[in-house]
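Q: Please take a close look at the aromatic side chains in this model, at how their rings are arranged, and at the surroundings in which they are found.

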Amino acid sequence: PPLEEYVEEISSIWENHWLTHTGPKHQQLQKNLEKYLDVPCVELFSNGHMGLELALRVLKLEGEVITTPFTFASTTQAIADVGLTPVFCDINQDNYTMDASKIEELIARKHNLAVIYDAAHAFGESINGVPVGTLGDMSMFSFHATKVFNTVEGGGVTFSDEKYRKEFAAIRQFGMYGKEDAE
């Protein structure tokens, strides 16, 4: 945007002295994204990679994570950074996503699997009328400058279970919940 518009938009940050730790601008973006993406919950992060890494931690995953090698390096790095082992599944040649017919043979444990969608490039998209951000246990979006919707840098994770909000905040904000509350 023109500099004047940008300065006008962020001037309230200087007025209320709340730049970090889920200030009013953060809260407003979060609410607007929940509405636009038609999802129950969104948590915001410094980038999509951090959102994916924290999603893996909040879900308390152990062992192996099935993913595709046909992705940005950050996906595999996030898995390795939290002590998990990536297991690669080939892609479907028609749509370049993981080939669902090849996933079953890679599953070591049959029950209690979590599904995290790497929706970095799928902002505002839906499949047969179902918003991408509601698929699986969580979906990660990137708001990097190279994306259609961007905040210059940033990312978000969508999910439906409200209990994860506090868990994300505990990790992202060092146990601080809001302007003054901390555990």
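A: A residue counts as buried when its relative accessible area is under 20%, as exposed when that area is over 50%, and as partly exposed in between. The model is a predicted one, and on that scale Phe 123, at 18% relative accessibility, counts as buried because its value falls under the 20% cut-off. Tyr 36, by contrast, is exposed, with a relative accessible area of 56%.

These two residues belong together in what follows. The structure holds nine aromatic pairs, and one of them is made by Tyr 36 and Phe 123, whose ring centres are 5.4 Å apart and whose planes stand at 15 degrees, so the pair is stacked, given that planes under 30 degrees apart count as stacked. The contact links distant parts of the chain, since Tyr 36 lies in helix H2 (residues 24-37) while Phe 123 is in the loop between strand S4 (116-118) and strand S5 (126-127), and 87 residues separate the two. The pair also has a wider setting, for ring pairs link Tyr 36, Phe 123, Phe 141, Phe 143 and Phe 149 into a cluster.

A second pair, formed by Phe 159 and Phe 168, has its ring centres 5.4 Å apart and its planes at 45 degrees, so it is tilted. Both partners are buried: Phe 159 has a relative accessible area of 2%, and Phe 168 has a relative accessibility of 0%.

Aromatic rings are also involved in two other kinds of arrangement here. At Phe 45, the charged end of Arg 172 sits over the ring, 5.5 Å from the ring centre. On the surface, Tyr 6 joins Leu 3 and Val 7 in a nonpolar patch, and the three residues together have about 310 Å² of accessible area. Within that patch, Val 7 lies in helix H1 (residues 3-16) and, at 44% relative accessibility, counts as partly exposed.

For the overall setting, the chain contains six helices and ten strands, and 37% of its 183 residues count as buried. Its C-alpha trace spans about 55 × 40 × 30 Å along the principal axes, and its radius of gyration of 18 Å agrees with the value near 16 Å that a compact globule of 183 residues would have.

Note on methods:
Residues are numbered from 1 along each chain as its sequence is written. This is a predicted model: local features need pLDDT of at least 70, side-chain atom pairs count only at pLDDT 80 or more; totals for chains, interfaces and linings use all residues. Side-chain values use heavy atoms; hydrogens and water are left out. Rings of Phe, Tyr and Trp (its six-membered ring) pair if their centres lie within 6.5 Å; planes under 30 degrees apart count as stacked, over 60 as edge-to-face and the rest as tilted. Helices (H or I, at least four residues) and strands (E, at least two) are DSSP runs, numbered from the N terminus. Buried means under 20% relative accessible area, exposed over 50%, partly exposed in between (1.4 Å probe, protein chains only). A charge sits over a ring if NZ of Lys or CZ of Arg is within 6 Å of the ring centre and within 35 degrees of the ring normal. Patches are made of residues with over 30% relative accessible area and no salt bridge: like charges are joined within 9 Å, nonpolar side chains (Val, Leu, Ile, Met, Phe, Trp, Tyr) within 5 Å. Accessible areas come from the Shrake-Rupley method with a 1.4 Å probe; for residues, only the protein chains shown count as cover. A salt bridge is a side-chain nitrogen of Lys or Arg within 4 Å of a carboxyl oxygen of Asp or Glu. The radius of gyration is taken over C-alpha atoms; the globule rule is 2.2 Å times the number of residues to the power 0.38.
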